[in-house]
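Q: Could you take me through the surroundings of the bound ligand in this model? I'd also welcome a look at the strands and the helix that make up the rest of the picture.

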Amino acid sequence: MKKGNLVVGLDVGTTKICAVVGEVNPIRTSRGGFFSDGANPLDSHGNGFLAGGDNGNGSTALNRVDIVGVGSAPSKGLRKGVVVNIESTVESIKKAVEEAETMAGIDIKAVHVGIAGGHVSSFQSNGVIAIKEKDIGRQEMDKVIDAARAVAIPLDREVLHVMPIGFVVDGQNGISDPSGMSGVRLEANVRIITGAVTSVQNLVKSCQRAGLDVLDIVLEPLASAEAALSRDEKDVGAGIVDIGGGTTDIALFHGGNICHTSVLTLGGNNFTNDVAIGLRVPAVEAEKIKKTGTCSLLSMTDQEEEVSISYPGGKPGRKIPKRHLVEILQPRAEELLYLVKEEIIQSGFHGLMTSGVVLTGGAALMKGIDIMAENIFELPVRIGSPAGVGGITGIVNNPMYATGVGLVLYGAKEVAAPQKFGNGNIFHGVKTRMKGWAKGVFR
Ligand SMILES: Nc1ncnc2c1ncn2[C@@H]1O[C@H](COP(=O)(O)OP(=O)(O)OP(=O)(O)O)[C@@H](O)[C@H]1O
Ligand SMILES: [Mg+2]
């Protein structure tokens, strides 16, 4: 029997589907005091402690997130991050969820699910309101965000997130939280993230057919950032680049807020295809040998090293010089990373990424990719694994699980602070609409 609130993140990826169960427990009761359970190793990251807001008597509630269950299954029904076969996706979701249920000893009924794919796009918008009472409160923040999101969206697109970038009070810009300030004119800059209605519906449908309610749909790079970027990095300026199997998801942060996001439809599967074609081997074998390679000839210590290739059906295997494999991986990795750099430069935020870029996703495990990325991006680069959580961290301590763990942290924030922007808060709006799709369309 678990004590705290349980939050389940469901990462429906192109190559694997994983369910991560997190237990959210309050850990601190007095403002400025020490954690009730003593010194905590999660302190340095900051994301594991989720501010639940002031409770009115001068104390601040903080929560600790422990991972208590993980389940994973190969994904067969997605292409480039988008569901293309509902039956296969449902089967994989069921397998991953059952595994997580067994490990956590619970029944999973509802999930926070991740979304990616080339159909996701974002744009910036502004809203302005006059302040009557001269003091800015949550209601005013809600109102100005509503004003900013009141833009025409094509019928085939739906709003996934409305993320405040910053507020302007009487012409003074760069304000991240204006509550309590005096002023007569409040302006909000927001980033609106939208997705294709049909792609979102197919994802929701797959979850529902697997017997799960969808509590919220979260853009995958936002989730990965929850798990792999620290609060300081987001403040100073940092990017997350999640290189998965079918997509490369990018999210850039500055001043604690998201400033740009995009999804490229290239990922680890493209490396596998190149290896399969270049070495004339089946895809399964290509996937296996790809993982033995590095993406830079310079980082190869032994130029004479060989790789064994085996074939199905009793055909005799052969050996090839490893450098042939690296010669295939290197240009593909360079192409992908130059496209990412182009995206960062186009966003206009390259100069603000002072803390650098964190690489997550399975393809970030390719040897040498961090060094290559550092040279190409001209920014500091590190490989990021989920941080800021406790519990069975051994299993999820892998860049591949950044999205799954991030979904749990994102969901835990909603549990901790469900009223961030008052009753009409942006999350509430998204959730209500999501329930509308779910019930009206599929049930
Ligand atoms: N050691 C490794 N070296 C190189 N590539 C690897 C390694 N381990 C995993 N990968 C690659 O990582 C990719 C899977 O990563 P991940 O699990 O993050 O993707 P996904 O979430 O299923 O897909 P997506 O996010 O694109 O929808 C595969 O292409 C796999 O080949
Ligand atoms: Mg992924």
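A: Happy to help; we begin with the ligand and then turn to the helix and the strands.

This is a predicted model, in which local features need pLDDT of at least 70 and side-chain atom pairs count only at pLDDT 80 or more, while totals for chains, interfaces and linings use all residues. Residues are numbered from 1 along each chain as its sequence is written, and chains are lettered from A and ligands numbered from 1 in the order in which they are written.

Of the 24 residues around ligand 1, Gly13, Thr14, Gly244, Gly268 and Gly362 come nearest; a residue belongs here if its C-beta atom, placed from the backbone, lies within 6 Å of the molecule. By class, this shell has 15 polar, five nonpolar and four charged residues. Here Ala, Val, Leu, Ile, Met, Phe, Trp, Tyr, Cys and Pro count as nonpolar, Asp, Glu, Lys and Arg as charged, and the others, Gly among them, as polar.

At least two shell residues come from each of α6 (268-279) and α7 (283-290), and α6 gives the largest share, three residues. Helices (H or I, at least four residues) and strands (E, at least two) are DSSP runs, numbered from the N terminus. Ligand 1 lies between domain 1 (5-118 + 198-230 + 387-435) and domain 3 (231-384), because both give residues to its shell; the domain bounds come from an automatic or database domain assignment.

Now the helix. α8 (residues 322-347) has 26 residues and should span 38 Å at 1.5 Å a residue, which agrees with its end C-alpha atoms being 38 Å apart; the expected span is 1.5 Å times one less than the number of residues. Its buried residues include Leu325, Ile328, Leu336 and Ile344, where buried means that 20 or more other C-beta atoms, placed from the backbone, lie within 10 Å of the residue's own. After α8 comes glycine 348, with a positive phi near 85°.

Among the strands, β7 (residues 110-115) has five of its six residues buried. Strand β1 (residues 5-12) runs parallel to β7 and is joined to it by two bridges; two strands pair if DSSP finds at least two bridges between them. Histidine 112 in β7 is the bridge partner of glycine 9. β7 also pairs with β12 (residues 213-219), in the parallel sense over six bridges, and there valine 111 has valine 214 as its bridge partner.

Note on methods. Buried ≥ 20, exposed ≤ 12 C-beta atoms within 10 Å, placed from the backbone.
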